[in-house]
Amino acid sequence: MRYSQTFIPTTREVPAEAEIASHRLMIRAGFMRKVASGAYTYLPLGWRSLRKIMAIVREEMDAAGALELQMPALQPLELWARTGRDVDYGETMFRFTDRHGRENVLAPTAEEVVTTLVAAEISSYKQLPINLYQISPKFRDEFRPRFGVLRSREFIMKDAYSFDISLEGLEATYRKMYDAYCRIFTRCGLRYVIVEAESGPIGGSASHEFMIPCDNGEDIIVHTADDSYAANIEKAEVDPLPKADPLDAPPPEDVHTPDVGTIDAVCEFLHTKPAEMIKTLIYSAGERTVVALVRGDHETNQAKLSHVVDADHIDLADEATIQRVTGAAVGFAGPVGLADKIDTLVVDHGVAAMALAATGANRTDYHTINVAPGRDFPLDGDNVIVADIRNATEGDTHKGQPLQFSRGIEIGHVFKLGTKYSEALGATVLDENGATQATLMGCYGIGINRILAGAIELANDKDGCILPVSIAPYEIEVIQLNSDSPPVVAEATRIYDELTAAGAEVLLDDRDARPGVKFKDADLLGIPLRVVVGDRGIKEGAVEVKRRTDDKPTAVPVADAVAETLRILAELKQAVAC
């Protein structure tokens, strides 16, 4: 493709709203333009890269036995109500009523539609296993779209859904998808880690996330130094803290604490530390009232808490419930005397290990000091559970190994769903004994846009993108420095034509522009390999060949330019394949 015949609107301006490198560079390099908050038009260069990513995904999905279809983005809300996910997604889901009064959604994913399809079309175990996938736009009404395409309201996702007759079959399909994802991300030239993950509103029994380690990532990766264990912050398991030495503790004492609602304010007033406080959090889990206790310097992990109390939905209780349970205003709840008034008391290991603590007194404007876990509130009983219900923090361990923390960008997620959707939507088959059985499902998502943005986050410099050859919009850029010089134009055109004939993807910069402009744009675009043809080089019988990552170009005889460029290109491709 000739630069003069395509559309690459590069800009030197840094978008005001761009917070991270990928957002800045995708705008500056002319990969995309903002239409509205969280919505982008992909321009020819960006779309070329996305199409190359989609081609890799399709090849690996097809090779793993998945079958491509296309499902609608427009879906009836009633399908989502049947699984309860209209509640799970809440305001994140785009909803609207059509002219006939029917309620609809713009799909954030497609479990309901694909399960309904299978329920209608598949009736025997002999038709299983089957794995169906699509690559299509998805929609989520993010409260605050940010980071360019990493958190947008419309994005492109590959989503696949598998149906099996047995747990062994589900495990085999899950492993196929897991391995296919490894190949996809390797072929895209990405450095990634795989972490245990929470399933969130998708649901299911187990899941793994594929993450790009990146300082600008929104997700927190928790791992051991030897990487034998890795999980996201929602899933990371921590060892119980050592039990504090017992104290000859004085009895509990209520202290008047007016106008001190926060942990920091209470600590300052009582001359104590957050680690010596107990936070008492009251939740509603359907009709049940659940109280969770965590140390003042820890954060409750709601996903862990949901698992411990076996609740599909759990939310912080409203003010009326808190006042009913504690008899006090919000901010003064404490564990003493609560166990008999609620359905379940869940005590984090960190709280159970404390000797003495300060906490709310269940009296407005009062806190209680000298509270001893096990003496002043129970650590066992029919409605008491001691468990890990908090986020991991610095200093924690997993199976004795210290935990480390880093940030990452999620690019893929695989889930074992089990029968959550098949039971709700009637996706059953007759097994080999003629009995009706719900199919066992898995689902598997990849963020297509996130792969491109993640690659740029992983590799960029002050001059622009540094893209892997497999997903760069072009593999080679030929730059003719003097567009008014017939020998330069002739030689640049010859090299361009021969490289193209050899199967390379080549951009010929034939613009009537200054050399500095062409070099700056070449660096900005991140094309992996460039060939520079200029008057001086032609007179000396040479052209310059340079990888995007090289400090300086290499002079190559004109006669060898095509062969040497193809040799380097092959090396770049081999490096990505490995």
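Tyr89 counts as buried, because its relative accessibility is 8%, under the 20% cut-off for that label. Its ring partner, Trp80, counts as buried too, with a relative accessibility of 0%. Keep in mind as you look around that this is a predicted model. Here is a friendly tour of some spots to find in the structure.

**Aromatic rings**

- The whole structure holds eight aromatic pairs, according to a search of it.
- In one of them, the ring centres of Trp80 and Tyr89 are 5.7 Å apart and the ring planes meet at 85 degrees, so this pair is edge-to-face. The label follows because plane angles over 60 degrees count as edge-to-face.
- Further along the chain, one aromatic cluster is formed by Tyr178, Tyr181, Phe185, Tyr192 and Phe210.

**Charges over rings**

- Tyr178, a member of that cluster, also has a charged neighbour: the charged end of Arg175 sits over the Tyr178 ring, 4.3 Å from the ring centre.
- Tyr174 has a charge over its ring as well, and here the charged end belongs to Lys416, 4.9 Å from the centre of the ring.

**Two helices that pack together**

- Two packed helices are described by the angle between their axes and the distance between the axes.
- For helix H1 (residues 21–28) and helix H12 (residues 448–458), the angle is about 105 degrees and the axes are 8 Å apart. H1 is therefore roughly perpendicular to H12, because angles of 65 to 115 degrees get that description.
- On the H1 side, the residues in contact are Ala21, Ser22, Leu25 and Met26, and they meet Leu452, Ala453, Ile456 and Glu457 of H12.
- Sorted by class, this contact between H1 and H12 has six nonpolar residues, one polar residue and one charged residue.

**Backbone details worth a look**

- The peptide bond that leads from Leu128 to Pro129 is cis, and its omega is near 5 degrees. You can find Pro129 in the loop between helix H5 (111–121) and strand S7 (130–139).
- Asp365 has a positive phi, near 70 degrees, in a residue other than glycine. Asp365 is in the loop between strand S18 (357–360) and strand S19 (366–371).
- Asn370 is not a glycine either, yet its phi is positive at about 65 degrees. Asn370 lies within strand S19.
- Are these two residues buried or exposed? Asp365 counts as partly exposed because its relative accessibility is 25%, whereas Asn370 is buried, with a relative accessible area of 18%.

Key:
Residues are numbered from 1 along each chain as its sequence is written. This is a predicted model: local features need pLDDT of at least 70, side-chain atom pairs count only at pLDDT 80 or more; totals for chains, interfaces and linings use all residues. Side-chain values use heavy atoms; hydrogens and water are left out. Axes are lines fitted to C-alpha atoms, for helices over the stretch in contact, and angles run from 0 to 180 degrees between N-to-C directions. Helices (H or I, at least four residues) and strands (E, at least two) are DSSP runs, numbered from the N terminus. Angles under 35 degrees count as roughly parallel, over 145 as roughly antiparallel, 65 to 115 as roughly perpendicular and the rest as oblique. Contact means heavy atoms within 4.5 Å. Ala, Val, Leu, Ile, Met, Phe, Trp, Tyr, Cys and Pro count as nonpolar, Asp, Glu, Lys and Arg as charged, and the others, Gly among them, as polar. Rings of Phe, Tyr and Trp (its six-membered ring) pair if their centres lie within 6.5 Å; planes under 30 degrees apart count as stacked, over 60 as edge-to-face and the rest as tilted. Buried means under 20% relative accessible area, exposed over 50%, partly exposed in between (1.4 Å probe, protein chains only). A charge sits over a ring if NZ of Lys or CZ of Arg is within 6 Å of the ring centre and within 35 degrees of the ring normal.
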